[in-house]
Amino acid sequence: MAWKIVVTSLKHLIHPLLALLCLSFTLSAAPARLAIVIDDFGYRKHNEEQILKMPAAISVAILPNAPLSQEMAQKAYQSGHEILIHMPMAPISKQPLERDTLRPSMNVEEIRRIIAQAIRNVPHAKGMNNHMGSAMTSDLAAMQLVMKTLSHYQLYFLDSVTIGSTKSTQAAEGTSVQVVKRKVFLDDDQSEAVVKKQFNLAVKMAQKNGSAIAIGHPHPSTISVLQQMLPQLPADVVLVPVSHLLPSAPHRTYPTHDPKPAGVETPEKPVAIPVDLTHRCPAPESIEKINPQATYSTIKNVFGTSPAIWSIYSYLTYCSVAPQIAASLLPKAPKRTAPKHMNILN
């Protein structure tokens, strides 16, 4: 008898359960996460203020000794953007350097002094990334001094990856510093066509790998491309601050969005999930013979507990009350009464 109940229940429920499972997978699929960091803040006020008008999920990296470093840090913080210290580090090539550029030859006291001053100059920073730095980041001993210093300030490190042989990850071992790495440079070539191509590459990398970090600069072409492309992000990609991609970052759910064509205002639509599975329920006369609680107990004893078994019980319970719910929602016919002046003959 028990097996008959199981078979009867599964026969009626196979289609609705498949529908519920498909819906569950659709709703639980996590979107790809894309972090965009705009470097070199602190010199170009007009351009940087345009960046700060963009979604707050865009992170900004501020040069600690730039003339506008503290001003732009305050503005970025007030507008909700995540802030990084864009720490100057020595490159391999010979070129003009920022003041207090970190070099592999520096001792621990010099590195501590420079980083401490940078933190004072860029308030509200949550992380640090390297400005240039191919020589510094490829030197393990030097980067170990950097990571040990950062561990006292609870800052993460975003490796801009200006050289393939970077040692940032190895240097952070044994410290509390979390390291993430840049995947795409948006504007090595500042033409809009190339910036747009790189933006699309970053999106595809996020979709493929689950997340990606892109770095750009406050160039007019980069600003223009971001203004065009951010409203058109695919529905399965969400823009996030860098800290959301740290290994220790808590699991988050992100609101869905619809891509909008550039220059076209589309009214916001409420999110609705039309799920009506009452037509998949067994016939009322059949459901009356199936006691949901008894069926659940039988199936649980046979197959054990699982989300699928609980779904069977939930659906049987739903089907058992669906007719009453549907009837209660039907509009009731108005009660007709005869006019007072009419005689009603029985």
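Aspartate 40 counts as buried in this predicted model. Its relative accessibility is 17%, and the cut-off for burial is under 20% relative accessible area. The residue is found in strand 1, which spans residues 32-41. Its backbone is notable in one respect. Aspartate 40 has a positive phi of about 65 degrees, although it is not a glycine.

Histidine 124 also has a positive phi, of about 70 degrees, and is likewise not a glycine. Its setting is a loop, between helix 4 and strand 4 (127-132). With a relative accessible area of 34%, histidine 124 is partly exposed. That class covers values between the 20% limit for buried and the 50% limit for exposed.

Helix 4, which precedes this loop, comprises residues 108-121. Two packed helices are described by the angle between their axes and the distance between the axes. For helix 4 and helix 6 (residues 140-150), the axes come within 10 Å. They cross at roughly 50 degrees. Helix 4 is therefore oblique to helix 6. Angles under 35 degrees would count as roughly parallel, and 65 to 115 as roughly perpendicular. The crossing of the two helices, 4 and 6, is right-handed.

Helix 4 also contributes to an enclosed space. A search of the whole structure finds one cavity of 30 Å³ or more. The volume of the largest cavity is about 30 Å³. Its lining consists of Pro64, Asn65, Met87, Asp100, Ile114, Gln117 and Ala118. Helix 4 supplies the largest share of this lining, with three residues. By class, the cavity lining divides into four nonpolar, two polar and one charged. Asp100 is among the lining residues, and aspartate counts as charged. Pro64, Met87, Ile114 and Ala118 also belong to the lining; residues of these types count as nonpolar. Asn65 and Gln117 complete the list, and their types fall in the polar class.

Open space was examined as well. The second largest pocket holds about 210 Å³. Ten residues line this pocket. Closest to its centre are Leu230, Leu233, Val238, Leu239 and His257. The pocket lining has eight nonpolar and two polar residues. No charged residue takes part in the lining of this pocket, whereas the lining of the largest cavity includes one. Of the residues closest to the pocket centre, Leu230, Leu233, Val238 and Leu239 are of types that count as nonpolar. His257 is also in this central group, and histidine counts as polar.

How values were computed: Residues are numbered from 1 along each chain as its sequence is written. This is a predicted model: local features need pLDDT of at least 70, side-chain atom pairs count only at pLDDT 80 or more; totals for chains, interfaces and linings use all residues. Side-chain values use heavy atoms; hydrogens and water are left out. On a 1 Å grid over the protein atoms alone, a cavity is a set of points where a 1.4 Å probe fits but cannot get out, and a pocket is an open set with protein on both sides within 12 Å along at least five of seven lines; lining residues have an atom within 4 Å of a point. Grid points are joined across faces, edges and corners, and a volume is the space filled by probe spheres set on the points. Buried means under 20% relative accessible area, exposed over 50%, partly exposed in between (1.4 Å probe, protein chains only). Axes are lines fitted to C-alpha atoms, for helices over the stretch in contact, and angles run from 0 to 180 degrees between N-to-C directions. Angles under 35 degrees count as roughly parallel, over 145 as roughly antiparallel, 65 to 115 as roughly perpendicular and the rest as oblique. A crossing is left-handed if the near helix is turned anticlockwise from the far one by less than a right angle, and right-handed if clockwise.
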